[in-house]
Amino acid sequence: MERSLESQVAQAVEAWIRWVPRWEPATHRGRVAPCRRCLGSPVLSAAGIASNTPHGVQHGLSTRIKTIVDAAVAEYTARNLPTLQRELDQQAARNRARSYRPSEDLDPEFDGLPLDPEPVPGAPFLFTIAGLADDAADELPPLPPLSEEAKTALRQEVTLADEYANMIGREICGLVLRHRFRIQAAISQHVEPQIEALLAELTESLDTPFGPDTP
């Protein structure tokens with residue numbers, strides 16, 4: 001598992017480094033709500049990515065690493081946690097039956113982000129993508145009820161899955177730490193110059209009373 005995780009982390013970092021040159025500062029209004037995947041992420045801390053790094057740059061890496069953790073937990077669950085695996089299989093089958101699944105097959109840079117932009121005060125949406133997805137989910141029959149014994153077993157197995165996820169997460173953070181300098185170099189080369197250019201352009205566009213032409 002150690003060698004496999006090491007290889008997966010290296011591949012994820014390489015994919016992110018190849019993507020970083022394509023990043024550009026967003027020109028639209030930013031979101032108010034913080035990203036729960038990136039805020040306080042130990043993966044980003046291990047990578048040495050500062051909190052003031054643009055969120056799109058953070059999200060592309062944290063999502064790629066989360067995919068590795070999810071796959072490891074899924075493998076552990078399939079081998080050791082039958083009640084939880086059965087529940088997940090039923091939920092997956094229910095999801096596949098939905099007629100509208102807008103959050104699937106997204107690139108890592110967009111996976112896990114809200115489907116709709118922040119609403120503008122006084123300009124309500126006629127419809128939202130998230131709302132359409134919820135409507136499609138409501139059309140499906142509910143999952144079969146669980147017995148009390150099954151509920152108890154499920155709670156226990158969820159706890160075990162969480163503990164395993166935390167263990168794998170700590171191990172992966174140690175592996176990400178090995179790529180810290182390359183990650184920071186990619187940000188310094190491709191991200192920071194764009195931010196500096198954007199700030200310089202903003203500064204030049206400001207009509208300040210303390211400019212060189214001020215009498």
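Student: Where is the place of Tyr100 in this structure?

Tutor: Look at the loop between helix H4 (82-96) and helix H5 (129-138); that's where Tyr100 sits. Keep in mind that we're reading a predicted model.

Student: Is Tyr100 buried, exposed or partly exposed?

Tutor: Buried means under 20% relative accessible area and exposed means over 50%, with partly exposed in between. Tyr100 has a relative accessible area of 31%, so Tyr100 is partly exposed.

Student: Which residues is Tyr100 in contact with, leaving aside neighbours within four places in sequence?

Tutor: Tyr100 is in contact with Ile129, Leu132, Ala133 and Ala136. You can also check a distance here: the C-alpha atoms of Tyr100 and Asp134 are separated by 9.0 Å, though the two are 34 residues apart along the chain.

Student: Which residues make the nonpolar surface patch?

Tutor: Tyr100 joins Leu126, Phe127 and Leu132 to make a patch of about 470 Å².

Student: What about nonpolar residues away from the surface? How should I read a core?

Tutor: Here's the general idea: in soluble globular proteins, nonpolar side chains tend to be buried together. In this model, the largest nonpolar core has 38 residues. The members that touch the most others are Trp16, Leu61, Ile65, Ile172, Val176 and Ile183. Helix H1 (2-19), helix H2 (42-47), helix H3 (55-80), helix H6 (148-177) and helix H7 (180-205) are the elements that give two or more residues to this core.

Student: Let me zoom in on one member. What does Val176 touch, not counting residues up to four places away in sequence?

Tutor: Val176 touches Val9, Val43, Ala46, Ala47, Ile65 and Ile183.

Student: Now charges. How do I read a salt bridge, and how many salt bridges are there?

Tutor: Side chains of opposite charge can pair when their charged atoms come close. The count here comes to 8 salt bridges. One of them joins the side chains of Arg182 and Glu14, at 2.6 Å from N to O. Arg182 lies in helix H7 and Glu14 in helix H1, so this pair ties together parts that are 168 residues apart in sequence.

Student: How accessible are those two, Arg182 and Glu14?

Tutor: Arg182 is partly exposed, with a relative accessible area of 36%. Glu14 is partly exposed too, at 31%.

Student: And which residue forms a salt bridge with Arg64?

Tutor: That's Glu109, and the closest N and O atoms are 2.8 Å apart. Arg64 is in helix H3 and Glu109 in the loop between H4 and H5, so to speak distant parts of the chain, 45 residues apart. Arg64 and Glu109 are both buried.

Student: What about a pair inside one helix?

Tutor: An α-helix has 3.6 residues a turn, so residues three or four places apart point the same way. Try Lys151 and Glu148, which both lie in helix H6, 3 residues apart, about one turn of the helix. They form a salt bridge, with the closest N and O atoms 3.6 Å apart. Lys151 is partly exposed at 33%, while Glu148 is exposed at 54%.

Student: How do I check the span of a helix such as H4?

Tutor: Start from 1.5 Å a residue: the 15 residues of H4 should span 21 Å. The end C-alpha atoms of H4 are 21 Å apart, which agrees.

Student: Which residues of H4 are buried, and what covers them?

Tutor: The buried ones are Thr83, Leu84, Gln85 and Glu87. Their cover includes H3 and H6. For a view from H3, pick Thr77, which lies in that helix. Thr77 counts as buried because its relative accessibility is 2%. Leaving out residues up to four places away in sequence, Thr77 touches Leu84, Gln85, Leu88 and Ala161.

Student: One last feature: how do I read phi?

Tutor: Most residues other than glycine have a negative phi, and most peptide bonds are trans. Asp105 has a positive value, near 60 degrees. Asp105 is found in the loop between H4 and H5, and at 78% relative accessibility Asp105 counts as exposed.

Notes:
Residues are numbered from 1 along each chain as its sequence is written. This is a predicted model: local features need pLDDT of at least 70, side-chain atom pairs count only at pLDDT 80 or more; totals for chains, interfaces and linings use all residues. Side-chain values use heavy atoms; hydrogens and water are left out. A nonpolar core is a set of buried Ala, Val, Leu, Ile, Met, Phe, Trp, Tyr and Cys residues joined through side-chain atoms within 4.5 Å. Buried means under 20% relative accessible area, exposed over 50%, partly exposed in between (1.4 Å probe, protein chains only). Helices (H or I, at least four residues) and strands (E, at least two) are DSSP runs, numbered from the N terminus. Contact means heavy atoms within 4.5 Å. Patches are made of residues with over 30% relative accessible area and no salt bridge: like charges are joined within 9 Å, nonpolar side chains (Val, Leu, Ile, Met, Phe, Trp, Tyr) within 5 Å. Accessible areas come from the Shrake-Rupley method with a 1.4 Å probe; for residues, only the protein chains shown count as cover. A salt bridge is a side-chain nitrogen of Lys or Arg within 4 Å of a carboxyl oxygen of Asp or Glu. The expected span of a helix is 1.5 Å times one less than its number of residues.
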